[in-house]
Amino acid sequence: MQRNIFSFHRFYSASKYVEMFSFPLEMDVRNPSAINSIQHNPITNFVALSLVNGRLWICKVDALIVDNPTDETINNSLVELGSNGLPIHCTTAVFAEGSQVSELWCGQSNGQITIFALQDVIVTRQDVIGHNEAAVDALDVLLIATDVRNHSSVWTYVYPGNSPQKTSLLTTILDLFRISF
């Protein structure tokens, strides 16, 4: 299959303004999807890359901060996380001070937010919460942010909007920590 030049994702040095490396994510599809969100997590030092089609990758940054990383190094640094198949519009990282466990919050269609609990790049829990009691097809979580001072709250923007709710509804829990392979 011929590589589509638009499927390559490039990383740059912020101090030198030069490309450090590039790589493709979706080599298994003919028409790759666009990245919708890039989120760095300073605690675990990974970057989450979410695509319009709902696919989500974690990229381990430490392994890539070398001169000219090899294709093998890049491939070993990427982990695709399973998702519910809904488009991912935005992401934010949430973590507690002094903890090695963090959460990746993903704003999605149908008013849903998928939350991945991560230790390093291993998913230990996956939760789905909704803005409404039932999923709403025409409701998208388009922006999501956390309080950078203490990460005790998460702000969301839902389009086309709905009345504020005082509680979130936990709709799905998948505890991967207890699953043995």
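Two strands pair if DSSP finds at least two bridges between them; strands (E, at least two residues) and helices (H or I, at least four residues) are DSSP runs, numbered from the N terminus. The model is predicted, so local features need pLDDT of at least 70, side-chain atom pairs count only at pLDDT 80 or more, and totals for chains, interfaces and linings use all residues. Residues are numbered from 1 along each chain as its sequence is written, and side-chain values use heavy atoms, with hydrogens and water left out.

**Exercise 1.** State how many helices and strands the protein has, and give their order.

Solution. Step 1: the count is 1 helix and 13 strands. Step 2: from the N terminus on, the order reads β-β-β-β-β-α-β-β-β-β-β-β-β-β.

**Exercise 2.** Describe how strand 4 and strand 5 are joined, and place them in their sheet.

Solution. Step 1: strand 4 (residues 46-51) and strand 5 (residues 56-60) run antiparallel and are joined by 5 bridges. Step 2: within this pair, A48 stands opposite I58 in strand 5. Step 3: the open sheet has 4 strands in the order 3-4-5-6, with antiparallel pairing. Step 4: its edges are strand 3 (35-41) and strand 6 (78-81), each of which pairs on one side only.

**Exercise 3.** Locate L142 and classify its exposure.

Solution. Step 1: L142 lies in strand 11. Step 2: its relative accessible area is 31%. Step 3: buried means under 20%, exposed over 50%, and partly exposed in between (1.4 Å probe, protein chains only). Step 4: L142 is therefore partly exposed.
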